[in-house]
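Good morning, colleagues. Please take a moment to look at the model on the screen before I begin.

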Amino acid sequence: MAPIVVIGHLITSTPSARRTLITELAKISFYSLASEPDVVKYAITVPRDPADETSIYVVEQYRTQAALTTHMSSPAVSSILSFFAANPSLLAGPGKVYTMDHQSGYTSPSAARASDAVIAF
């Protein structure tokens with residue numbers, strides 16, 4: 001089975017709200033790193049365009065559907081969903097989530113050492 005890639009796009013209500021949400025999303029990243037070996041990637045990214053101060057893109061990669069299912073039922077995901085419910089004014093609207101099967105590609109060994117990685121799709 002091909003790995004699964006999930007890309008989420010959140011638009012916050014303000015630049016300050018974006019900083020707050022990045023802090024909360026980072027908790028999931030740390031949890032996944034420590035507890036979920038089949039979560040291959042969990043990247044929290046923002047546009048390089050200085051005019052876009054409110055977008056957040058979360059790029060996730062899972063080895064299997066089971067890994068994604070396990071992740072979605074984790075305490076970290078439950079916590080962020082509760083946080084969103086308790087703080088609806090932080091988001092400008094509903095987020096968009098794209099779930100895809102990975103078809104082809106590679107990861108350069110130097111990617112982990114990059115000081116300014118760029119993600120494009």
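I shall speak about one helix pair and then about one pocket.

This is a predicted model, in which local features need pLDDT of at least 70, side-chain atom pairs count only at pLDDT 80 or more, and totals for chains, interfaces and linings use all residues. Residues are numbered from 1 along each chain as its sequence is written, and side-chain values use heavy atoms, with hydrogens and water left out.

The axes of helix α1 (residues 15-35) and helix α3 (residues 75-86) come within 9 Å and cross at roughly 165°. Helices here are DSSP runs of H or I with at least four residues, and strands are runs of E with at least two, numbered from the N terminus. Axes are lines fitted to C-alpha atoms, for helices over the stretch in contact, with angles from 0 to 180 degrees between N-to-C directions. The two helices α1 and α3 are therefore roughly antiparallel, a term for angles over 145 degrees.

Which residues of α1 make the contact? They are Thr-20, Leu-21, Glu-24, Leu-25, Ile-28 and Tyr-31. On α3, the partners are Pro-75, Ala-76, Val-77, Ile-80, Phe-83 and Phe-84, contact meaning heavy atoms within 4.5 Å.

Turning to the pocket, the second largest one is lined by 20 residues, of which Glu-60, Met-72, Leu-81, Phe-84 and Val-97 lie nearest its centre. A pocket is an open set of points on a 1 Å grid over the protein atoms alone, where a 1.4 Å probe fits, with protein on both sides within 12 Å along at least five of seven lines; lining residues have an atom within 4 Å of a point.

Terms used:
Parallel < 35°, antiparallel > 145°, perpendicular 65-115°, else oblique.
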